[in-house]
Amino acid sequence: MAPATDTPAAGPWEALDGLDPLLQHRARIAAAVLLSRHGALSFSRLKALLGETDGNLGAQLRKLEDAGYIGVRKEFQDRRPVTWYRLTPKGRRGLASHLETLDRLVATARARD
Amino acid sequence: MTSMDQIEQDLRYVRSAVEQAGASPTPRLLCFLWAALGGVGFALVDLRDAWVPAYWAVAGPAGFVVSAVLGWRHARRLGQGTARDGARHMLHWGGMLGAIALAVLLPARGLVPASAAGPVILLLLALGYFQAGVHLDPAFRWVGLLLATGYVLVLTMTTWGWLTLGVLFALALVATGLRAGADGTGD
């Protein structure tokens, strides 16, 4: 059996092809997982949980929003603007498929060890 | 770094965020509310026995509704979920309230003596709080254990057992509330 390499197409790494490129960034997948567990999260809560800067988190969330993975709702709480995020059905399907591929990848890698 | 290392590192980051989100403590005001309601309710058994059924018939459901509102407000301020987490809490505490309401049927139908109703309900409360400690907020495990100890206390202490339990229960929930507010997300 060939040794493990960084080449995606080599042996078990073929599974990498099934990964959703949009969810391969750690902040994006973490945001998607959190949204799938909690239903809705505000920008400030996501920022606190992920430890990202305003600019970086905003940019990553915008990518998910542009792809139709998350929905955004803005409202005022105690006169302060609050932005809420929610996973869309498309995002939920994308996340499920991505996690399934990750599962397969981990199982394949363990089988090789 | 290999792709696998990168994936493992990313998954650790995701897990850390998920654990942090799940560790949100119970709102401080909720703990104080039930410290007052429970403390008075338990003490009444020793002080004004006849008032107990009426007190809990009002305080139980009213406390549940006020708790739901406080929990909803807390989630909004925290910026974390509303419907899903709220439903989990409502099912847990609502289930416990329902079990207690059904337990009242036992003495009402003459299946157990009226004097057994208090300890039976106390045991359900102990189980409910302990399960809340397992599934919702770890601090409630200690409250559950305290209530279970209180169950033994009221069975063995002939006087002031309920009053003592009321004071200890209130103190335990106030302590839980003060801990909950320590990180600024408690209310």
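# A tour of chains A and B

Start with helix H3 of chain B: its buried residues are covered by elements that include helix H2 (43-50) of chain A, together with H2 and H4 of chain B. The model you are viewing is predicted.

**Stop 1: H3 of chain B**

Select residues 52-78 of chain B, which form helix H3. H3(B) has 27 residues and reaches 36 Å from its first C-alpha to its last, close to the 39 Å expected at 1.5 Å a residue. Now colour the buried residues of H3(B): B:Gly63, B:Ser67, B:Gly71, B:His74, B:Ala75 and B:Leu78. Step past the end of the helix to B:Gly79, which follows H3(B) and has a positive phi, near 80°.

**Stop 2: B:Cys31**

Move to helix H2 of chain B, residues 28-47, and select B:Cys31 within it. Is B:Cys31 buried or exposed? B:Cys31 counts as buried because it has 28 C-beta neighbours inside 10 Å, and the cut-off for a buried residue is 20 or more. Next, show B:Thr176 as well. B:Cys31 and B:Thr176 are 145 residues apart along the chain, yet their C-alpha atoms are separated by 6.8 Å.

**Stop 3: the side of chain B that touches chain A**

Show both chains and select the residues in contact between them. The selection should hold 24 residues from chain A and 20 residues from chain B. On chain B, helices H1, H3 (52-78) and H4 (83-103) each supply at least two residues of the side that touches chain A. Which of these helices gives the most to that side? H1(B) does, with 10 residues. Coloured by class, this side of chain B shows 9 nonpolar, 7 polar and 4 charged residues.

**Stop 4: two helices across the contact**

Keep H1 of chain B (residues 3-22) and add H1 of chain A (residues 26-38). These two helices pack at an angle of about 35°, and their axes are 9 Å apart. H1(A) passes H1(B) in a right-handed crossing. To see what makes the contact, select A:Arg26, A:Ile29, A:Ala30, A:Val33, A:Leu34, A:Arg37 and A:His38 on H1(A). On H1(B), the matching selection is B:Asp10, B:Tyr13, B:Val14, B:Ala17, B:Val18 and B:Ala21. By class, the residues of this helix contact comprise 9 nonpolar, 1 polar and 3 charged.

**Stop 5: chain A as a whole**

Hide chain B and look at chain A alone. Its secondary structure consists of 4 helices and 3 strands, running α-β-α-α-β-β-α from the N terminus on. Of the 113 residues in chain A, 29% are buried. Among contacts in chain A with a separation of 6 or more, 59% are between residues 24 or more positions apart.

**Stop 6: the strands of chain A**

Select strand E3 of chain A, residues 80-87, and then add strand E1, residues 40-42. E1(A) and E3(A) run antiparallel and are joined by 3 bridges. Label A:Ser42, and opposite it in E3(A) you will find A:Trp84.

Now add strand E2 of chain A, residues 70-77. How many bridges join E2(A) to E3(A)? There are 8, and this pair also runs antiparallel. One place to check the pairing is A:Lys74, whose bridge partner in E3(A) is A:Thr83. Finish at the hairpin of E2(A) and E3(A), which has 2 residues between the strands. Select A:Asp78 there: its phi is positive, near 50°.

Notes. Residues numbered from 1 in each chain as written. Chains lettered and ligands numbered in written order. Predicted model: local features only at pLDDT ≥ 70, side-chain atom pairs only at ≥ 80, totals over all residues. Axes fitted to C-alpha atoms, helices over the stretch in contact; angles between N-to-C directions. Left-handed = near helix turned anticlockwise from the far one by under 90°. Contact = placed C-beta atoms within 7 Å. Nonpolar A, V, L, I, M, F, W, Y, C, P; charged D, E, K, R; others polar. Buried ≥ 20, exposed ≤ 12 C-beta atoms within 10 Å, placed from the backbone. Expected span 1.5 Å × (residues − 1). Pairing = 2+ DSSP bridges.
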